[in-house]
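Reader: Hi! I'm new to reading protein structures. Could you walk me through a piece of this one?
Author: Happy to! Let's bring it up and start with one helix.

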Amino acid sequence: MTTTPMIINALGQLDNPNAPRSSEAAAQLNPSSEQLTIDARTLADAHASGLTAVNITLGYTMGDLPPYEHTLHEIAVWDAIIRDNPADLTKVRTVADVHRARKEGRIGVIYGFQNAVAVGEDTGRIATFADLGVRVVQLTYNQANHIGDGSMAAANRGLSDFGRRVVEALGDHHLMVDLSHSGERTCLEAAKISRSPVSINHTGCRALADLPRNKTDEELRLVASRGGFVGIYFMPFLNLSGHARAADVVEHIDHAVNVCGEDHVGIGTDGTITSIDDLDAYRAHLAEHVALRREAGVGAAGERGDTLPFVLDLRGVDQFRELIRLLERRGYRSERIEKILGRNFLDYADRVWAPEGSS
């Protein structure tokens, strides 16, 4: 492929994990957006990778912080980050904003949640989040919440009555309903009742690696059949050994394409662009972090002290180019690769997000 396609990461992060503040935060259970390092290297690496836009996680995900207040604060933090880097970053509210970012050589930042607990008992808060520019709302993290069961909730109860109202309100305000981390019944129910297409922005295929964080063919097929989107992550859950490789990413993409069709699959790496330089030092702290997650009840099956939360041979500024090369070697034509790298997500966003000028 001679020209770099539009690259949209359906779930990722902008950060320099080697900076002291970010390195220290990585050992914590629940680092905040204020502890990210958006420095010259972060921005240079993002540009060098060809990234057009990325859905970043902000707001409440876990822990004992006040969910609503913390989420409002995190939105303000990211607004300030974008305001401080106007030549490099732009906030994405519409599909037109993504096209504009690509034209202007900036990185589009899409605001997203990985837990909808901040809604509280008031679906009216969804209008507030939409007005503030949030565009992706994941219903649950790994554990159950008052909206539905996460992937590690043994009961697999599906959506609550309130959860159904949340899905309806998200549709009313043109926000993506992201079913990553959800339990199987939660995913299937939300996909069925949502008036708008839904997404699973970062996952793997359970048919290839039978772990709770991965999605069954039934889930994948249903989401795609209703016009939705599935993003494959660069995570250890792609291989039962816990040591996923680039070849595993390709296998999961290929399986998802076979199940969903080539118009509904993309990437949601769940990682940064900038690589960790000192892997030995990082590994020394990883077991401690995994133990903290386990103790807090937020870990997932397949997380171990020796499982890196990224794919070792598919990271850094060349990660997308390397994926393109591997997909080409697999026989994928350029049009299909362009869909997977970004066009499918943008087409899905066009089906969900509000038209220009509305909330």
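Reader: Which residues are buried in H7?
Author: Thr186, Cys187, Leu188, Glu189, Ala190 and Ala191 are buried in H7. Keep in mind that this is a predicted model.

Reader: Cool. What do the buried residues of H7 pack against?
Author: They pack against helix H6 (161-172), S7 and H8.

Reader: Let's take H8. At what angle do H7 and H8 pack?
Author: Helix H7 covers residues 184-193 and helix H8 covers residues 217-225; they pack at an angle of about 15 degrees. Their axes are 10 Å apart.

Reader: And what do I call that arrangement?
Author: Angles under 35 degrees count as roughly parallel, so H7 and H8 are roughly parallel to each other. Their crossing is left-handed.

Reader: Which residues of H7 and H8 meet?
Author: From H7 you have Glu184, Cys187, Leu188, Ala191 and Lys192, and they meet Glu218, Glu219, Leu222 and Val223 in H8. Sorted by class, this contact has five nonpolar residues, four charged ones and no polar ones.

Reader: Nice. Back to Glu189 for a second. Why does glutamate 189 count as buried?
Author: Glutamate 189 has a relative accessible area of 17%, and buried means under 20%, so this residue of helix H7 counts as buried.

Reader: So what is glutamate 189 in contact with, leaving aside its neighbours within four places in sequence?
Author: Glutamate 189 touches Arg157, Gly158, Leu159 and Arg164. Take glycine 158: this residue and glutamate 189 are 31 residues apart along the chain, yet their C-alpha atoms are separated by 6.7 Å.

Reader: Neat! Now S7. How many residues of strand S7 are buried?
Author: Five of its five residues, which run from 199 to 203, so strand S7 is mostly covered.

Reader: In which sense do S7 and S8 pair?
Author: In the parallel sense, over three bridges, with strand S8 made of residues 229-232. One of the pairings joins threonine 203 to isoleucine 232, its bridge partner in S8.

Reader: New topic: loops. What is the phi of histidine 174?
Author: About 60 degrees, a positive value, although histidine 174 is not a glycine. Histidine 174 lies in the loop between H6 and strand S6 (176-178), and with a relative accessible area of 29% it is partly exposed.

Reader: And where does aspartate 270 lie?
Author: In the loop between strand S9 (265-267) and helix H10 (279-296). Aspartate 270 has a positive phi near 65 degrees, and it is a residue other than glycine. At 23% relative accessibility, aspartate 270 counts as partly exposed.

Reader: Thanks, that helps a lot!

Technical notes
Residues are numbered from 1 along each chain as its sequence is written. This is a predicted model: local features need pLDDT of at least 70, side-chain atom pairs count only at pLDDT 80 or more; totals for chains, interfaces and linings use all residues. Side-chain values use heavy atoms; hydrogens and water are left out. Axes are lines fitted to C-alpha atoms, for helices over the stretch in contact, and angles run from 0 to 180 degrees between N-to-C directions. Helices (H or I, at least four residues) and strands (E, at least two) are DSSP runs, numbered from the N terminus. Angles under 35 degrees count as roughly parallel, over 145 as roughly antiparallel, 65 to 115 as roughly perpendicular and the rest as oblique. A crossing is left-handed if the near helix is turned anticlockwise from the far one by less than a right angle, and right-handed if clockwise. Contact means heavy atoms within 4.5 Å. Ala, Val, Leu, Ile, Met, Phe, Trp, Tyr, Cys and Pro count as nonpolar, Asp, Glu, Lys and Arg as charged, and the others, Gly among them, as polar. Buried means under 20% relative accessible area, exposed over 50%, partly exposed in between (1.4 Å probe, protein chains only). Two strands pair if DSSP finds at least two bridges between them.
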